[in-house]
Structure formats: structure tokens, C-alpha cells
Amino acid sequence: MTLPLVATAVADPVGLVGLLSEAGLPTEDVAEPGRVFLRYATEGGEFVAIGGFEPLGAAVLLRSIVVVPSYRGYGVGGAVTADLMRRGREQGAADAFAFTTGEPTFLAALGFRRAERAEAPAAVLATRQAMGLCSVSAVLWRKETVR
Ligand SMILES: CC(C)(COP(=O)(O)OP(=O)(O)OC[C@H]1O[C@@H](n2cnc3c(N)ncnc32)[C@H](O)[C@@H]1OP(=O)(O)O)[C@@H](O)C(=O)NCCC(=O)NCCS
């Protein structure tokens, strides 16, 4: 993380549903296995963001990135994304993917590029995010996790 944020694993992701819904992000599968969610706080303990990822072998699917509105525009989203990518890399992922439904997206600002579904690993295309939660018109983004 580039900011001094403190990450804590979320034990009960169902508690994130309200935040995700308000941000217009999928919630239906948060309690299913294979997802990791984190809460991010300042060093002073103030809650600033959540983020999630699905480790998928050589790839990691980033998801559920929400910054508390009053903290937007200060680099928190970028720091959370970098932390999720680092965690994916630690679990063996060479590439990070994410689905979005709209443009422009802050992922482009962070160096992600638009990807065709044909270039995504089968494991990414088999996720709930790819198969149902995101529409077929959802945009797929990709970035190497290696810096
Ligand atoms: C999108 C979101 C996570 C960004 O968080 P943030 O803390 O404001 O982002 P940052 O300050 O780290 O910005 C990182 C970069 O993204 C850019 N950016 C931020 N929000 C953006 C947006 N909505 N559209 C395009 N670019 C954006 C910033 O300008 C910055 O670029 P720069 O480094 O070139 O200046 C936050 O607005 C949010 O929680 N939105 C609601 C949920 C959501 O849309 N999540 C993303 C799903 S992919």
C-alpha cells in the first residue's frame, strides 16, 4: 500500500452488502467460498475502504473496491488496488483482472488495460462476476501483478 493504511480480514462478508449495494457493486456471492475481503482503515483506526479478491491460480480477480465517499480522490482506491494485487501475487497470480460495468474507470488511471475475454484464463471466465453478476457488456480489465 502506498498510503499508511491498515488492512484487516473481513470475517463476515455479509456485513459488506450495504456498502457494496450503495456503490452499485454485486453482492449476491459475497458469502461464497474462494473470496477474500479486507477492510482498510487509517493508522488512527478510521474506516476508509473495502476491497476483495478471488485467487485463481495464475490470475487474481479483483472486486468489491469501495472507498468511503469522504476519502475519495486521495489515492485510497489506488492503494487498495495495489494491496489486493500484491496479495494476489503472493498467491501466485501473474495477472490481475477486474470487471466493470461503466467507463471511464479508475482502473485505466491505475494502468489497467481493456482485455478481451478470449485472453482471460478459464478460471476468470468461470467466476460469478463473469458468468452472471456482471452483464455480458461488462468490460474486462487486466494488469500484470509484477511491478
Ligand atoms: C472508484 C473508487 C474506488 C476510486 O477511489 P479513490 O480513492 O477516489 O481513487 P484514487 O484517489 O486512488 O484515484 C486513483 C486514480 O483513479 C482516478 N479515478 C478515481 N475515480 C475515478 C473515476 N470514477 N473515473 C475515472 N478515474 C478515476 C484518479 O483520478 C486517479 O488517477 P491519477 O492517479 O491519474 O490522478 C471510488 O470512487 C469508489 O469507491 N467508487 C464507488 C465504487 C466503485 O465504483 N468501485 C470501483 C469498481 S471497479
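## Reading a ligand shell and the fold around it

Reader: What classes of residue make up the shell around the ligand?

Author: By class, that shell has 12 nonpolar, 6 polar and 1 charged residues. Ala, Val, Leu, Ile, Met, Phe, Trp, Tyr, Cys and Pro count as nonpolar, Asp, Glu, Lys and Arg as charged, and the others, Gly among them, as polar. Before we go on: this is a predicted model, where local features need pLDDT of at least 70, side-chain atom pairs count only at pLDDT 80 or more, and totals for chains, interfaces and linings use all residues. Residues are numbered from 1 along each chain as its sequence is written.

Reader: Which residues are the closest to the ligand?

Author: A residue is near a molecule if its C-beta atom, placed from the backbone, lies within 6 Å of it. Here 19 residues surround the ligand, and the closest are Arg-72, Gly-77, Gly-78, Phe-106 and Ala-109. At least two shell residues come from each of β4 (59–67), α2 (76–90), β5 (95–100) and α3 (106–109).

Reader: What do those Greek labels mean, and how many helices and strands are there in the chain?

Author: They are DSSP runs, numbered from the N terminus: helices (H or I) have at least four residues and strands (E) at least two. The chain has 5 helices and 7 strands. Starting at the N terminus, they run β-α-β-β-β-α-β-α-β-α-α-β. The radius of gyration is 14 Å, close to the 15 Å from the globule rule for 147 residues, so the chain is as compact as a globular protein of that length. For that, we take the radius over C-alpha atoms, and the rule is 2.2 Å times the number of residues to the power 0.38.

Reader: How do I read strand pairing, and which strands pair with β7?

Author: Two strands pair if DSSP finds at least two bridges between them. β5 pairs with β7 (residues 139–144) in the antiparallel sense over 6 bridges, and Thr-100 has Val-139 as its bridge partner in β7. β6 (residues 113–115) is also antiparallel to β7, over 3 bridges. There, Arg-114 is partnered with Trp-141 of β7.

Reader: Which element gives the most to the largest nonpolar core?

Author: First, the idea: a nonpolar core is a set of buried Ala, Val, Leu, Ile, Met, Phe, Trp, Tyr and Cys residues joined through C-beta atoms within 7 Å. The largest one has 35 residues, and Ala-49, Val-60, Leu-61, Leu-62, Phe-97 and Ala-98 touch the most other members. β4 gives the most, with 7 residues. Take Leu-62: leaving aside neighbours within four places in sequence, it is in contact (C-beta atoms, placed from the backbone, within 7 Å) with Phe-53, Thr-81, Leu-84, Ala-96 and Ala-98.

Reader: Is Gly-24 buried or exposed?

Author: We count other C-beta atoms, placed from the backbone, within 10 Å of a residue's own: 20 or more is buried, 12 or fewer is exposed, and in between is partly exposed. Gly-24, in the loop between α1 (17–22) and β2, counts as exposed because it has 9 such neighbours. In the whole chain, buried residues make up 34% of the 147.

Reader: And where does Gly-57 lie?

Author: Gly-57 lies in the loop between β3 and β4. Gly-57 is partly exposed, with 13 other C-beta atoms within 10 Å. Leaving aside neighbours within four places in sequence, Gly-57 is in contact with Gly-92 and Ala-123. Its C-alpha atom is 5.9 Å from that of Ala-93, 36 residues apart along the chain.

Key. Two residues are in contact if their C-beta atoms, placed from the backbone, lie within 7 Å.
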